[in-house]
Amino acid sequence: MEIPNTGQSAPDDAARAPPARAPAYQYVLTVLLALIGGLLGIIGAIFQETQTTLTYVLLPFIGAPIIEEALKPSGIYLSLLWRPRALRSQLFTAILSALSGLIFGIIESLVYVTVYVDDPSDEFIAYRFSVTLGLHAVASYLVGLGINQQILDWAAGRSKLPRASRNFYIAAVVLHGAYNTIAVIFSLSGVIDLD
């Protein structure tokens, strides 16, 4: 028996309808927040570097990856809170997170070549503006793969941290920590000159 079409939608149709697209200005604001997020990550990195001697020894291997990977996508978290429709897909969210990581890497590299290292070599400058930028972008991309509405529920105490969000964050921290460890080993052994 065929059910006549009355022109009215079943209640389930509304739940299945795709969400309305955000206005264009919201996408622009979301990209700006991603850029600002990279800057917020730098502020967190500066704060972490003012800790105790024990922290200073462990900082490159544990502290920096944990803090930086949590803070670099700060602008994405704000977008998720204020303009969730502008984060139209998980891939888009991850790409914006990578942009935050790239901005963080650029600022960090500028600090290294202008403040931390006296008279840096051309090789060091090239290294800072290639390899480290790639690392920060890829690590932030990984974190971005786990940023979704469930993160807000977890932050508000309404649910557990989503497994995928946790796993992507841990992957980014492990990648960042491994990179830092290898860079220190190569520098100490003379394989690369990071000065």
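Buried means under 20% relative accessible area, exposed over 50%, and partly exposed anything in between. Keep that scale in mind for the close-ups below, which all come from a predicted model.

**View A. A nonpolar patch that includes Tyr 25.** With a relative accessible area of 47%, Tyr 25 falls between the two cut-offs, so we call it partly exposed. This tyrosine sits in helix 2, which covers residues 24-48. On the surface, Tyr 25 joins Val 28, Leu 29 and Leu 32 in a nonpolar patch, and together the four offer about 370 Å² of accessible area. As a reminder, an α-helix has 3.6 residues a turn, so residues three or four places apart point the same way.

**View B. Glu 108 and its two partners.** Glu 108 belongs to helix 5 (residues 90-116). Its relative accessibility is just 13%, under the 20% cut-off, so Glu 108 counts as buried. One partner is His 136: the two side chains make a polar contact at 2.8 Å. The other is Arg 128, whose side chain meets that of Glu 108 in a salt bridge, 2.9 Å from N to O. This pair ties together distant parts of the chain, since Arg 128 is in helix 6 (residues 122-128) and Glu 108 is in helix 5, 20 residues apart. Arg 128 is buried too, at 8% relative accessibility.

**View C. The other salt bridges.** How many salt bridges does a search of the whole structure find? The count is three. Side chains of opposite charge can pair when their charged atoms come close. Besides the Arg 128 and Glu 108 pair from the previous view, there is one between Glu 69 and Lys 72, with the closest N and O atoms 2.9 Å apart. Both ends of that bridge are tucked away: Glu 69 is buried at 1% relative accessible area, and Lys 72 is buried at 0%. Then there's Arg 158 with Asp 153, whose side chains meet at 2.9 Å, N to O. Here Arg 158 counts as exposed, at 59% relative accessibility, while Asp 153 is partly exposed at 25%.

**View D. Helix 7, end to end.** Helix 7 runs over residues 131-144, and its 14 residues should span 20 Å at 1.5 Å a residue. The end C-alpha atoms are in fact 20 Å apart, so the model agrees with the expected span. Which of its residues are buried? They are Thr 132, Leu 133, Leu 135, His 136, Ala 137, Ala 139, Ser 140, Val 143 and Gly 144. You've already met His 136, as the polar contact partner of Glu 108.

**View E. Helix 9 and the glycine after it.** The 27 residues of helix 9 (residues 163-189) reach 38 Å from first C-alpha to last, close to the 39 Å expected at 1.5 Å a residue. Its buried residues include Ser 165, Ala 172, Val 173 and His 176, and also Gly 177, Tyr 179, Asn 180 and Ala 183. Right after the helix comes Gly 190, which has a positive phi near 85°.

**View F. Leu 78 and its contacts.** Leu 78 lies in helix 4 (residues 74-82) and is partly exposed, with a relative accessible area of 26%. Leaving aside residues up to four places away in sequence, Leu 78 touches Leu 33 and Arg 83. Gly 37 is 41 residues away from Leu 78 along the chain, yet their C-alpha atoms are separated by 8.9 Å.

Note on methods
Residues are numbered from 1 along each chain as its sequence is written. This is a predicted model: local features need pLDDT of at least 70, side-chain atom pairs count only at pLDDT 80 or more; totals for chains, interfaces and linings use all residues. Side-chain values use heavy atoms; hydrogens and water are left out. Patches are made of residues with over 30% relative accessible area and no salt bridge: like charges are joined within 9 Å, nonpolar side chains (Val, Leu, Ile, Met, Phe, Trp, Tyr) within 5 Å. Accessible areas come from the Shrake-Rupley method with a 1.4 Å probe; for residues, only the protein chains shown count as cover. Helices (H or I, at least four residues) and strands (E, at least two) are DSSP runs, numbered from the N terminus. Buried means under 20% relative accessible area, exposed over 50%, partly exposed in between (1.4 Å probe, protein chains only). The expected span of a helix is 1.5 Å times one less than its number of residues. A polar contact is a pair of N or O atoms within 3.5 Å; within protein, one must be able to donate a hydrogen and the other to accept it, and residues adjacent in sequence count only if both atoms are side-chain atoms. Contact means heavy atoms within 4.5 Å.
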